Amino acid sequence: MRRKVGTDEETVLNNQDFYAGQQGYMDRVRRLAASIYERTPMACVITYGCQQNVSDSERTKGMLEQMGYTLTEEPAEADFVLYNTCAVREHAEERVYGNLGAMKHLKRRKPDMILGLCGCMAQQGRVGDRIRRSYPYVDLLFGTHVQHRLPEFLYRCLSMHERVFETDDSEPCVTEGMPVHRDGSYKAWLPVMYGCNNFCTYCIVPYVRGRERSRNPEDVLKEAKELIAAGYKDITLLGQNVNSYGKGEAHGVNFAGLLRQINDLPGDFRIRFMTSHPKDCTDELLDAMRDCGKVCHHLHLPFQSGSDRILKAMNRHYDRAGYLALVEAARKRMPDIQLTSDIIVGFPGETREDFEQTLSLIKEVRFASLFTFIYSPREGTPAAQMPDPVSRQEKGQWFEELLRTQEAIAKENNAKLIGRVLKVLCDDHGRTPDYMAGHSGENIVVEFPGTPDDLGKFFTVKIVSLDHVLKGEVLG
Ligand code: SAH
Ligand code: SF4
Ligand code: F3S
């Protein structure tokens with residue numbers, strides 16, 4: 001189903017019409033690529049950015065497989081190389097430009113190779129202009145709003161040998177029915193909503209991902225059932241702000257309701273979700289987390305700054321006291337809950353006093369872990385216009401201080417976990433032979449004696465020691 005949302009009269013386009021359109025291009029690409037390369041064509045998709053991008057890439061890879069491509073991790077082997085990019089910080093963009101530069105030589109050696117760029121960077125007009133001008137060997141560029149039209153774009157590249165640049169700015173739709181190539185075999189991403197309406201003043205995401213739109217609950221449940229039937233054990237529901245799920249949609253199911261419906265599906269699996277915005281994190285959601293046995297007691301709740309003044313300038317719509325009240329509400333319902341967060345250091349106008357408020361908040365909450373970022377100005381966002389007097393060097397020192405403080409907290413938190421019994425999904429090799437590693441529902445990582453046969457299985461593990469990593473013994 002392809003739906004246009006955000007308009008007064010909601011237009012519902014027939015699923016078959018959309019899919020049949022791309023299906024025709026898929027068949028044509030399959031035939032054309034086979035004749036150009038005279039063997040099975042190979043494709044390499046390189047993904048940057050958040051889980052949303054990882055999930056998008058899984059759908060892109062699904063389409064490529066349907067078009068007859070074999071996937072490879074090695075760009076030098078590939079006939080089609082596609083960078084799925086992130087625009088959230090300058091560093092993310094610089095890496096892509098750097099890597100594209102390195103592709104020039106490969107492209108010279110393999111003139112039939114198609115080189116493409118998609119994702120959040122590609123949605124921005126200024127990036128399209130720069131690529132058009134300075135990277136003449138990039139054949140294809142398309143934004144997040146039109147990613148489902150890859151077959152059509154690839155066909156145009158292959159058949160007409162033209163450069164294809166598509167960054168349609170019209171409001172994007174929810175597109176159902178795309179094939180998916182899952183990267184993992186027991187952990188899966190399940191997008192429930194797309195886009196963002198929050199316009200935090202530092203953030204580019206609403207500009208490159210469009211307005212919030214949710215999938216229908218039936219479509220989400222159908223995909224969840226398929227994942228469970230295929231043996232997936234750990235399903236993460238994705239959205240920039242999952243708590244907004246269903247807002248403005250006729251079906252009337254909100255995120256708490258969706259969690260309850262997925263929890264009711266039969267099977268031995270667990271449910272995670274990210275990301276939650278504190279302003280939309282309700283008691284109803286926390287109640288659903290408490291009540292649903294399959295929903296993990298882990299909440300990633302970015303607070304960004306501990307200073308009310310900065311939160312206001314960031315347009316976050318909550319304050320420090322409100323955030324702390326949420327933490328308390330969550331812990332009251334789920335004493336075992338583990339909290340994680342995102343923090344920005346050095347937002348324009350942030351003073352030492354503001355930063356100390358952030359430090360004191362992390363000491364008060366005692367997060368399990370943090371994702372910390374130094375503020376990066378993003379062209380087109382309000383914060384990029386704000387006076388920013390603190391030097392990069394000073395911000396760097398604050399950042400280090402934050403890391404050191406959190407490191408000490410995490411160490412103390414971990415020491416307190418000794419003796420706890422956790423249900424752990426084995427998902428990795430340990431750091432020493434004969435040990436495997438896994439995550440608990442609370443997202444605690446523990447190593448325990450095991451073999452690669454244990455991958456993808458649940459174990460009850462008692463934590464017995466802390467030696468750089470938590471180590472446990474398997475019970476029962
Ligand atoms: N939708 C999610 C976050 C998406 S971006 C949420 O609202 O929580 C992931 C993180 O990147 C953000 O939480 C923020 O901490 C960070 N971030 C976003 N824009 C940034 C910028 N311009 N500079 C530095 N960090 C940024
Ligand atoms: Fe960016 Fe804020 Fe939206 Fe998160 S909620 S994606 S930080 S604008
Ligand atoms: Fe980056 Fe886009 Fe995600 S900007 S963080 S990949 S939504």
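In this predicted model, histidine 161 sits in the loop that runs between α5 and β8 (164-166). Its phi is positive, near 50°, and the residue is not a glycine. Histidine 161 is also out in the open: its relative accessible area is 68%, over the 50% cut-off, so it counts as exposed. The helix that comes before histidine 161 is another story. Helix α5 (residues 150-160) is mostly covered, with eight of its eleven residues buried. Those eight are Leu150, Pro151, Glu152, Phe153, Leu154, Tyr155, Cys157 and Leu158.

A second histidine fits a similar description. Histidine 468 has a positive phi too, near 65°, again in a residue other than glycine. Its place is the loop between β21 (458-467) and β22. With a relative accessible area of 78%, histidine 468 is exposed.

Helix α2 comes next. Does its length fit, or clash with, what its residue count predicts? The helix covers residues 51-66, and at 1.5 Å a residue those 16 residues should span 22 Å; the C-alpha atoms at its ends are 23 Å apart, so the two values agree. α2 is mostly covered as well, since twelve of its 16 residues fall in the buried class. The buried set is made up of Gln52, Asn53, Ser55, Asp56, Ser57, Glu58, Arg59, Thr60, Lys61, Gly62, Met63 and Leu64. Just after the helix, glycine 68 adopts a positive phi of about 95°.

One residue of α2 is worth a closer look. Arginine 59 belongs to this helix, and its relative accessibility is 7%, under the 20% cut-off, which is why it counts as buried. What does arginine 59 touch, once residues up to four places away in sequence are set aside? Its partners are Met178, Pro179, Val180, Arg182, Pro191, Arg215 and Glu223.

Helix α2 turns up again in the enclosed space of the model. Searching the whole structure for cavities of 30 Å³ or more gives one, and the volume of the largest cavity is about 190 Å³. Its lining takes in 14 residues, of which Gln147, Cys173, Thr175, Met178 and Tyr194 are the closest to the centre. Two elements, α2 and β9 (173-175), each give two or more residues to this lining. The largest share, three residues, is that of β9. By class, the lining of the largest cavity is a mix of five nonpolar, five polar and four charged residues. Met178 thus appears twice, as a residue close to the cavity centre and as a contact of arginine 59.

Open space is found elsewhere. The second largest pocket holds about 820 Å³. It is lined by 33 residues, and the closest to its centre are Ala368, Ala410, Asn413, Asn414 and Leu417. At least two lining residues come from each of β16 (338-345), β17 (369-374), α13 (392-416) and β22 (469-475). Of these elements, α13 gives the largest share, eight residues. The lining of this pocket splits into 15 nonpolar, nine polar and nine charged residues.

Back along the chain, threonine 275 stands out for its backbone. The peptide bond that joins methionine 274 to threonine 275 is cis, with omega at about 5°. Threonine 275 itself lies in the loop between β14 (270-274) and α9 (283-291). A relative accessibility of 17% is under the 20% cut-off, so threonine 275 counts as buried. Beyond its neighbours within four places in sequence, threonine 275 makes contact with Gly239, Gln240, Asn241, Val242, His300 and Pro302. Glutamate 223, a contact of arginine 59, is 52 residues from threonine 275 along the chain, and the two C-alpha atoms are 20 Å apart.

Gln240, one of the contacts of threonine 275, also belongs to the surroundings of two ligands. Around ligand 3 are Gly49, Cys50, Asn53, Cys86, Ala87, Val88, Cys120, Arg209 and Gln240. Among them is Asn53, a buried residue of α2. This shell is made up of five nonpolar, three polar and one charged residue. Ligand 2 has Cys196, Asn198, Phe199, Cys200, Tyr202, Cys203, Val205, Pro206, Gln240, His277 and Arg316 around it. Here the classes come to seven nonpolar, three polar and one charged.

Definitions and conventions. Residues are numbered from 1 along each chain as its sequence is written. Chains are lettered from A and ligands numbered from 1 in the order in which they are written. This is a predicted model: local features need pLDDT of at least 70, side-chain atom pairs count only at pLDDT 80 or more; totals for chains, interfaces and linings use all residues. Side-chain values use heavy atoms; hydrogens and water are left out. On a 1 Å grid over the protein atoms alone, a cavity is a set of points where a 1.4 Å probe fits but cannot get out, and a pocket is an open set with protein on both sides within 12 Å along at least five of seven lines; lining residues have an atom within 4 Å of a point. Grid points are joined across faces, edges and corners, and a volume is the space filled by probe spheres set on the points. Helices (H or I, at least four residues) and strands (E, at least two) are DSSP runs, numbered from the N terminus. Ala, Val, Leu, Ile, Met, Phe, Trp, Tyr, Cys and Pro count as nonpolar, Asp, Glu, Lys and Arg as charged, and the others, Gly among them, as polar. The expected span of a helix is 1.5 Å times one less than its number of residues. Buried means under 20% relative accessible area, exposed over 50%, partly exposed in between (1.4 Å probe, protein chains only). Contact means heavy atoms within 4.5 Å. A residue is near a molecule or strand if one of its heavy atoms lies within 4 Å of it.
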